[in-house]
Structure formats: C-alpha cells, structure tokens
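Open the model in your viewer and keep the sequence panel beside it. The stops below say what to select and what is there.

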Amino acid sequence: MSFTLNEQFMAKFVDPGNHDTGIDLLRTYLWRCQFLLPFVSLGLMCFGALIGLCACICRSLYPTIATGILHLLAGLCTLGSVSCYVAGIELLHQKLKLPENVSGEFGWSFCLACVSAPLQFMASALFIWAAHTNRKEYTLMKAYRVA
C-alpha cells in the first residue's frame with residue numbers, strides 16, 4: 001500500500017484509527033523525522049561529494065575537512081532516522097498487538113540503513129585523517145623548500 005506525501009505527514013492518534021482520541025505528538029514527530037532525515041542525509045552526502053571533487057581539483061586541505069564533517073553529519077542523520085523508526089514501531093506495538101499470523105521483523109532495507117551509518121562514520125574519519133596527514137606532509141615539504 002503506497003501513501004501520498006500528504007498522508008506521510010498526517011497526525012498519528014493516541015488510539016490508532018480512532019480520530020477522537022487526540023494527537024500523539026511523539027509518534028507523529030518520530031514518523032516525520034524518520035521520513036525526512038534520510039533525505040537530509042542524502043543531500044549532505046551529495047554536497048560532500050561536490051566539495052570532495054573541489055578538494056581534488058584545487059588540492060586544498062579545508063574542503064577535505066569539510067567533506068569529512070558533512071559525512072559525519074550524514075551518518076548522524078542516518079542513525080537518527082533508524083532510531084526514530086525503531087522507536088516509532090515500538091510505540092505502535094505498545095498500542096496495537098500484532099495478529100497471531102503476522103511476524104514483526106525488520107527487513108533488508110532496515111539492515112542496509114544500519115550498515116550505512118557506520119560506513120558514513122568511517123568515511124568521515126578517513127577524510128579527516130587524510131586532511132590531517134596531508135597537512136603534516138605539506139608542512140614538511142614547505143620546511144624542506146625553505147631549507
């Protein structure tokens with residue numbers, strides 16, 4: 001069953017399916033965050049790729065550090081999205097029990113998101129480490145030229 005964009009941002013109610021019970025703000029905002037944070041993460045990764053390309057072209061250290069920081073922020077967004085999804089599902093399961101013939105398991109896309117967050121953190125660490133290492137070598141080359 002697919003939902004439109006407006007249906008993705010509809011309010012979640014305290015008693016699911018009963019519109020007279022009031023809005024459950026925690027579940028509503030968890031749902032919205034788990035929907036929006038992957039797009040923010042994707043945007044940060046694309047922007048980081050553009051800055052990384054500029055770092056390669058201009059051979060400067062600061063764009064490389066900025067790329068590492070953007071990867072770190074993208075990893076935090078991915079981790080936040082996974083956390084919001086799990087918390088939202090747990091809150092929903094507290095309100096509604098699963099039917100007997102339904103098994104509640106996480107799918108392959110959830111596992112992929114759980115793997116992508118540490119990979120983004122590793123990419124961030126590598127970019128920052130490369131900028132730091134390149135800075136030391138650049139300083140040594142500059143000192144060698146002066147001598």
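Begin by selecting Phe35 and Phe39, which both belong to helix H2, residues 25-58. The two are four residues apart, about one turn of the helix. Keep in mind that this is a predicted model.

Stay with this pair and show the side chains. Which of the two is exposed, and which is partly exposed? Phe39 is exposed, since its relative accessible area of 54% is over the 50% cut-off. Phe35 has 21% relative accessibility and counts as partly exposed, because buried would require a value under 20%.

Next, select Phe106 and Phe110. Are these rings stacked or edge-to-face? Their centres are 4.2 Å apart and their planes meet at 20°, so the pair is stacked; planes under 30 degrees apart fall in that class. Phe106 is partly exposed at 39% relative accessibility, whereas Phe110, at 16%, counts as buried. Now add Tyr85 to the selection: Tyr85, Phe106 and Phe110 form one aromatic cluster.

How many aromatic pairs are there in total? The count comes to four. One of them is the pair from the start of the tour: the ring centres of Phe35 and Phe39 are 5.8 Å apart with planes at 70°, so Phe35 and Phe39 are edge-to-face.

Move on to the cysteines and select Cys33 and Cys84. Why is there no bond from Cys33 to Cys84? The sulfur of Cys84 is the closest cysteine sulfur to that of Cys33, but the distance is 4.7 Å, which is too far for a bond; a disulfide needs the two sulfur atoms within 2.5 Å. The structure as a whole holds zero disulfides. Cys33 is partly exposed, with a relative accessible area of 34%. Select Cys46 as well: Cys46 has a relative accessible area of 44% and is also partly exposed.

Finally, clear the selection and show the whole chain as a cartoon. What elements does the protein contain? There are four helices and zero strands, and along the sequence the pattern reads α-α-α-α. Colour the chain by burial: of the 147 residues, 24% count as buried. Then switch on the surface, where the protein exposes about 10,600 Å². Carbon and sulfur atoms supply 69% of that area. A last thing to display is the contacts: of those with a separation of 6 or more, 65% are between residues 24 or more positions apart.

Technical notes: Residues numbered from 1 in each chain as written. Predicted model: local features only at pLDDT ≥ 70, side-chain atom pairs only at ≥ 80, totals over all residues. Heavy atoms only, no water. Buried < 20%, exposed > 50% of the residue type's maximum accessible area, 1.4 Å probe, protein only. Contact = heavy atoms within 4.5 Å. Areas by Shrake-Rupley, 256 points an atom, 1.4 Å probe, with all protein chains shown as cover. Phe/Tyr/Trp six-rings, centres within 6.5 Å; stacked < 30°, edge-to-face > 60°.
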